[in-house]
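Trainee: Could you take me through the main nonpolar core of this protein, up close? I'd like to see how it sits in the whole fold, and then hear about a few spots away from it.

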Amino acid sequence: MFRDETPRAQPHGNAPQNPEPMHDAPQPAPRPQKKSAGRDLGAAIGVGIGLGAVIVASLFVYKAAFVGVVAVAVVVGLWELTKRLEERKGIKAPLVPLAVGGAAMVVAGYVRGAEGAWVAMALTALAVLVWRMTEPPEGYLKDVTAGVFAAFYVPFLATFVAMMLTADDGPARVLTFLLLTVVSDTGAYAVGWRFGKHKLAPRISPGKTREGLLGAVSFAMVAGALCMQFLIDDGAWWQGLLLGLAVAASATLGDLGESMIKRDLGIKDMGTLLPGHGGIMDRLDSLLPTAPVVWLLLVLFVGSG
C-alpha cells in the first residue's frame with residue numbers, strides 16, 4: 001500500500017505540531033565520468049582491419065587492382081559529397097561526369113603521371129559545365145562551382161596516390177603514406193583523449209586539442225623515420241622526421257577542412273557506409289590532402305623512380 005502523504009487534521013485547540021526541519025544528509029561524491037570515444041570502437045576497429053587487408057592485398061599483389069580500389073573509393077566519395085550538398089544546400093553538382101571523370105583521372109595519373117592527371121581534371125571540369133547545361137539555368141553557377149570543387153577535392157588529390165605507385169618501390173611509398181597518415185590520426189586521438197585540455201580550433205572541431213596535435217606530430221615523426229629507413233629505397237631517417245612532420249600538419253588541416261564542410265552542411269558524418277567510421281569521405285579527409293605532400297617530398301628526397 002502507498003503511504004498517505006496528505007497532512008492529518010490537528011485536534012481542536014491544540015497548536016499544530018511542526019516537524020523538526022530536516023538537515024541535508026551528506027551526498028556521496030559523484031563518480032568521475034569516463035571519456036567516451038564517441039563511436040563504436042569495436043565496429044571501427046573491425047572495419048579498419050578489413051579495409052587495411054583489402055588495401056595491402058591489392059597493393060602488393062597487383063598494382064592495377066589497387067588503382068581500381070582508389071577509383072572505387074573516389075566514386076563513392078563523390079557520391080557522398082554530392083548527395084550531402086543536394087540534401088543540405090540544394091546544390092546539384094552533376095554526379096555522372098564527376099564519377100566518370102574522377103575514375104579516369106585516377107587511371108590517367110597512374111598511366112601518364114601528373115600531365116595525364118591535369119588533362120583529365122580539365123576535361124572533367126569541362127564535362128561538368130556542359131552536363132549542367134541540360135537543366136534550367138537557375139543555380140547553374142553554384143552547381144558547376146561545387147562540381148569543379150568536388151573534382152579537385154576528391155579525384156584530383158587521389159591521383160597523387162596512383163602516381164606514387166608508379167615508382168619502382170611504389171607499393172612501399174603508398175604503404176608509407178598510409179601508415180604515416182593513420183599513425184598521425186591515432187597519435188592525435190590517443191594523446192588528445194588522454195591529455196587534451198586546450199582546444200585547437202573549437203569553432204571548427206571542438207574535439208581537437210593542441211595536445212592531440214603534439215601527439216600526431218610525435219607519432220608521425222617516429223613512424224616517418226622508421227619508414228624512410230627501412231621501407232623506402234635510398235631513404236634516410238632524418239628525411240622521415242621531416243616527412244612525418246609534414247604529414248601531421250597536412251592530415252590535421254585535411255581533417256579540419258572536412259569538419260568545416262560538415263559544419264557548414266550541419267551534419268556529423270558524410271555517410272553511413274562504414275560502421276564506426278561514418279562514410280568513405282570521413283576516412284579520406286586526412287588522406288586526400290596528405291597524398292600530394294608525401295608524393296612531392298618523396299620525389300625531392302629519393303627521386304621519382
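Mentor: Sure. This is a predicted model, and its protein chain comes to 9 helices and 2 strands. Read from the N terminus, you go through five helices, then the two strands, then four more helices. Of the 305 residues in the chain, 43% are buried. If you take contacts between residues at least 6 apart in sequence, 70% of them join residues at least 24 apart. On the outside, the chain exposes about 17700 Å², and carbon and sulfur atoms supply 66% of that.

Now the core. The largest nonpolar core has 58 residues, and Val174, Phe177 and Leu243 are the ones with the most contacts inside it. Two or more residues each come from α2 (63-89), α3 (95-132), α4 (140-165), α5 (170-195), α6 (210-230), α7 (237-265), α8 (280-284) and α9 (287-302). The top contributor is α4, which gives 15 residues. As background, nonpolar side chains in soluble globular proteins tend to be buried together.

Zoom in on Val174. Skipping its neighbours within four places in sequence, Val174 is in contact with Leu59, Phe66, Val161, Met164 and Leu165. Val161, Met164 and Leu165 turn up again where α4 meets α5. Those two helices pack with their axes 7 Å apart, at an angle of about 140°. An angle over 145 degrees would count as roughly antiparallel, so α4 and α5 are oblique to each other. From the α5 side, the contact is made by Gly170, Pro171, Arg173, Val174 and Phe177. Sort the residues of this contact by type and you get 6 nonpolar, 1 polar and 1 charged.

What else is worth clicking on? Try Gly52, which is found in helix α1 (residues 41-61). With a relative accessible area of 28%, Gly52 is partly exposed. Its C-alpha atom is 9.5 Å from that of Leu178, although the two residues are 126 apart along the chain.

Then there are two serines. Ser286 is found in the loop between α8 and α9, and at 2% relative accessibility it counts as buried. Leaving out residues up to four places away in sequence, Ser286 touches Thr181, Asp185, Ala251 and Asp255. The C-alpha atoms of Ser286 and Leu256 are separated by 8.8 Å, with their positions 30 residues apart along the chain. Ser259, in helix α7, has a relative accessibility of 12%; the cut-off for buried is under 20%, so Ser259 counts as buried too. With the same sequence neighbours left out, Ser259 touches Ile204 and Ser205. Pro206 is 53 residues from Ser259 along the chain, and their C-alpha atoms are 9.9 Å apart.

Last stop: Asp234, in the loop between α6 and α7. Asp234 is exposed, with a relative accessible area of 71%. Its phi is near 65°, a positive value in a residue other than glycine. For context, most residues other than glycine have a negative phi.

Note on methods. Residues are numbered from 1 along each chain as its sequence is written. This is a predicted model: local features need pLDDT of at least 70, side-chain atom pairs count only at pLDDT 80 or more; totals for chains, interfaces and linings use all residues. Side-chain values use heavy atoms; hydrogens and water are left out. Buried means under 20% relative accessible area, exposed over 50%, partly exposed in between (1.4 Å probe, protein chains only). Contact means heavy atoms within 4.5 Å. Accessible areas come from the Shrake-Rupley method with a 1.4 Å probe; for residues, only the protein chains shown count as cover. A nonpolar core is a set of buried Ala, Val, Leu, Ile, Met, Phe, Trp, Tyr and Cys residues joined through side-chain atoms within 4.5 Å. Axes are lines fitted to C-alpha atoms, for helices over the stretch in contact, and angles run from 0 to 180 degrees between N-to-C directions. Angles under 35 degrees count as roughly parallel, over 145 as roughly antiparallel, 65 to 115 as roughly perpendicular and the rest as oblique. Ala, Val, Leu, Ile, Met, Phe, Trp, Tyr, Cys and Pro count as nonpolar, Asp, Glu, Lys and Arg as charged, and the others, Gly among them, as polar.
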